[in-house]
Amino acid sequence: MPVNHRITLARVPSGLPVPGDFGRDAIPAPSAGPGQLLLRTLWLSLDPYLRNVMKGHTLYGTALKPGEVMFGEVVAEVLESRHPGFAAGEYVLARTGWQEYAVSDGRELRKVDPAVGPLAAALGVLGMPGLTGYAGLVYLGEPKPGQTVLVSAATGPVGCTVGQVARLTGARAVGIAGSEAKCRYAVEELGFASCLNHRAGDLAGQIRRACPDGVDVYFDNVGDAVLVAALANLAMHARVVLCGMIDSYSRDEPPSTGPWLGPVVRARATVKGLVVYDHFHRMAELQKVVGGWIREGCFKYREDVTEGLEGAPEAFCRLMRGENFGKSLVRVATAR
């Protein structure tokens, strides 16, 4: 009988997570009962919002408690099916967490068609992160041709989607990233007009020089000081999409000071909060549009892959320190 290796939450982190916040165990692999499927994890997605899950936030489902398997989305292979809607050999998206095997009753599973794109992309630009960037920009940001779209965390799966959708629909894409290498990648590979290194200092001034007519759409994945700098450079009637706040996820308490929203009032800007679950009905649209661009070679993305489930804790810690480059994934197994 195969062994099911699992990564668990050992304790709620204090500040940035460290590998010691995670535990691991090994139990016999489960088997499928009537109406169930046995799933084998191939790819595990690592996402910043998991830091909030570790705090016990319930936005993403049941609160996670120490000792439980870490929450997370995976691409899995159906090894055995006693469910009429699924067959052995198919691939599915599932929220079975940081473990090698799991049993499902078929609810909340979504089939993954390998003809649409690589399996791992279903956890990135053709999955929830890509949908976040695509739907958030198109339906909340509403960029017009010729307008300037500014996006933080520009080389991650959300940010790279925002920037390339902006470019491919006629807007001017400007990114913010955390290293010169990431900025070069955004310009040379993703086609951004410009990308600014927020670690280089005077980010507000950098934005002003890169966006002399102001920012028409700001898509925020970071919060805190980066958000403050972006808000200081809004064009008249700008739209601000608040998506992620990675700089705050590892705080035990909210920051004592927040961004000064006077520039939002001055610019008569519209600020909208984005929760991707509101847009899941647009997943087919994302896969048709962005999947088509990928096949045509005009949309690119990067993955930061860790080999083996045992490497997931350190990979997640790197992600939360901003040391990843591209979508953070763990390759748990290869398809048979």
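**Salt bridges and positive phi angles**

R321 is partly exposed, at 34% relative accessibility. The model described here is predicted. In this model, R321 pairs with E323 in a salt bridge. The closest N and O atoms of R321 and E323 are 3.0 Å apart. The partner E323 is also partly exposed, with a relative accessible area of 44%. Both values fall in the class between the buried limit of 20% and the exposed limit of 50%. The pairing extends to E314: salt bridges with shared partners join E314, R321 and E323 into one network.

In total, 11 salt bridges are counted. Side chains of opposite charge can pair when their charged atoms come close. One of the pairs is D47 with K327, at an N to O distance of 2.6 Å. This salt bridge links distant parts of the chain, as its two residues are 280 residues apart. D47 sits in the loop between β3 (37-45) and α1 (50-54). K327 belongs to strand β15, which covers residues 327-331. D47 and K327 are both buried. Each therefore has a relative accessible area under 20%.

A further salt bridge joins the side chains of D105 and R107. Here the N to O distance is 2.7 Å. D105 is partly exposed, at 33% relative accessibility. R107 reaches 65%. That value is over the 50% cut-off, so R107 counts as exposed. The D105–R107 salt bridge thus pairs a partly exposed residue with an exposed one, whereas the D47–K327 salt bridge has two buried partners.

Backbone geometry was examined next. E142 is not a glycine, yet its phi is positive, at about 50 degrees. E142 lies in the loop between α2 (128-141) and β8 (148-152). Its relative accessibility is 38%, so E142 is classed as partly exposed.

A153 is likewise a non-glycine residue with a positive phi of about 50 degrees. Its place is the loop between β8 and α3 (157-168). A153 has a relative accessible area of 36% and is partly exposed. Strand β8 therefore borders both loops, the one that holds E142 and the one that holds A153.

Technical notes
Residues are numbered from 1 along each chain as its sequence is written. This is a predicted model: local features need pLDDT of at least 70, side-chain atom pairs count only at pLDDT 80 or more; totals for chains, interfaces and linings use all residues. Side-chain values use heavy atoms; hydrogens and water are left out. Helices (H or I, at least four residues) and strands (E, at least two) are DSSP runs, numbered from the N terminus. Buried means under 20% relative accessible area, exposed over 50%, partly exposed in between (1.4 Å probe, protein chains only). A salt bridge is a side-chain nitrogen of Lys or Arg within 4 Å of a carboxyl oxygen of Asp or Glu.
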